[in-house]
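Reader: I'm new to this one, so could you walk me through it and explain the labels as we go?
Author: Sure, have a look first and then ask away.

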Amino acid sequence: MRAVVYDRYGPPEVLRIEEVERPVPKEDEVLVKIHAATVNRLDVHTREANQSSGLVVSILSRLVSGVRRPRRRILGTEYAGEVVSLGSAVSELAVGDHVFGNTGLRFGTHAEFICVPESARIALMPAGATFEEAAPISDGALNALWCLRVGHLGKGQTIVVYGASGAIGTAGVQLARYMGADVTAVCGTKNVELVRSLGADAVIDYTREDFTKNGETYDVIFDAVGKHSFQRCKGSLKPGGVYLATDGFRNLFLALWTSRFGDKKVRFQLPPVYAKKDLILLKELIEAGRFRPVIDRRYPMEDVVEAAKYVETEQKTGNVVLTIVDDSKS
Ligand SMILES: NC(=O)c1ccc[n+]([C@@H]2O[C@H](COP(=O)([O-])OP(=O)(O)OC[C@H]3O[C@@H](n4cnc5c(N)ncnc54)[C@H](OP(=O)(O)O)[C@@H]3O)[C@@H](O)[C@H]2O)c1
């Protein structure tokens, strides 16, 4: 099968397409023919061994992904495709099922086929969704769900989603609404209308207004893009308010510190735990018209280097799809 592989950490150019052996499903696995995947921030950070986040993070990244070279040659965490064969112990999925899923740190979705245990994060695609629409369901949404739950976001609470136009942010706005919160979304000018269409109760364009200086206070502030800080947000939190982070080691320390001291809390828990049942929840929300993954650009598999370069700009809106099989041509 064809796959995008890399054998050393580095810039997008280390990626190339190669013929590799097609995997064979074990007893409890299904073989999925992948039609669409995504290129996301986890892919690009892992490919460069998190060098842009400093030496300590880079060392930790290499301990996870392979010290000298990547242990897993194929990146990609999200996929949508068709089940084409089954291990003997598989009982719920069937050949021909259209499925989507998230492999997390096992990666492997930038390829024509993947084997996935039936018990893993794999679910039937939402009714009516195309493969390209189903592939980007989970990356931002699972992360946003995790963060909002860690923050115990409740009905009627007020929340700011900062960076509301990214993969996590676009999902965060919709999921916070689903949880019954009153959502103020913060993004740049070009994304204001999009973010409003996702259901935000109010939208602030950060190029025109600094939400930390408008005199409002909120129960929760969710930095969905890792560009803000507890220090700068503190004055905009109500007494007992919570700041939620998506990355940054300082936030681990602050989470520990504020759990003991002070009225306002930082909540940041690693590693995030993503559950199969949450994929099913997302499928149901999509079918009910309460959630939609936002797609910015689509790239064919052959243009994976360009796709990775675009994701690295940190300016994508929502998600970037990598098309493995161009269904429009069939
Ligand atoms: N996605 C993952 O797999 C993953 C995994 C681990 C950690 N994370 C972390 O989670 C965070 C978000 O990831 P993501 O994939 O959701 O990001 P993303 O999709 O790459 O976010 C891109 C968006 O961020 C907005 N943005 C850029 N600079 C901003 C700023 N200064 N203030 C506010 N918004 C800004 C841009 O929109 P505007 O034009 O509207 O500003 C753009 O739409 C990152 O810190 C990432 O490292 C992500």
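**Around the ligand**

Author: Let's start with the ligand: H1 gives the largest share of the shell around it, three residues. Keep in mind that this is a predicted model.

Reader: Which residues come nearest to the ligand?
Author: Arg-41, Gly-188, Tyr-206, Asp-247 and Lys-316 come nearest, out of 27 residues around the ligand.

Reader: What makes a residue count as being around the ligand?
Author: One of its heavy atoms has to lie within 4 Å of the ligand.

Reader: How does the shell around the ligand divide by class?
Author: There are eight nonpolar, 12 polar and seven charged residues.

Reader: Why is the pair between Asp-247 and the ligand called a polar contact?
Author: An oxygen atom of the ligand sits 2.7 Å from an N or O atom in the side chain of Asp-247. The cut-off for such a pair is 3.5 Å, so this one qualifies as a polar contact.

Reader: And what about the side chains of Asp-139 and Lys-190?
Author: For Asp-139, the distance from a side-chain N or O atom to a ligand oxygen is 2.9 Å. For Lys-190 the corresponding value is 3.2 Å. Each pair is within 3.5 Å, so both are polar contacts too.

Reader: How much of the ligand does the protein bury?
Author: Taken alone, the ligand exposes 890 Å², and the protein buries 90% of that.

Reader: Which elements give two or more residues to the shell?
Author: Those are H1 and helix H5 (167-178).

**Backbone details**

Reader: Why is Asn-50 called buried?
Author: Its relative accessibility is 14%. Buried means under 20%, so Asn-50 fits the label. Asn-50 is in the loop between helix H1 (41-47) and helix H2 (55-65). Although Asn-50 is not a glycine, its phi is positive, about 55°.

Reader: Is His-152 buried or exposed?
Author: Exposed: the relative accessible area of His-152 is 59%, and the label asks for over 50%. You'll find His-152 in the loop between helix H4 (139-150) and strand S8 (158-162). His-152 also has a positive phi, near 50°, in a residue other than glycine.

Reader: Which peptide bond is cis?
Author: The one from Leu-270 to Pro-271, where omega is near -10°.

Reader: Where is Pro-271?
Author: Pro-271 is in the loop between strand S13 (265-267) and helix H9 (276-287).

Note on methods
Residues numbered from 1 in each chain as written. Predicted model: local features only at pLDDT ≥ 70, side-chain atom pairs only at ≥ 80, totals over all residues. Heavy atoms only, no water. Helix = DSSP H or I, 4+ residues; strand = E, 2+ residues; numbered from the N terminus. Buried < 20%, exposed > 50% of the residue type's maximum accessible area, 1.4 Å probe, protein only. Polar contact = N/O pair within 3.5 Å; in protein donor to acceptor, adjacent residues only side chain to side chain. Areas by Shrake-Rupley, 256 points an atom, 1.4 Å probe, with all protein chains shown as cover. Nonpolar A, V, L, I, M, F, W, Y, C, P; charged D, E, K, R; others polar.
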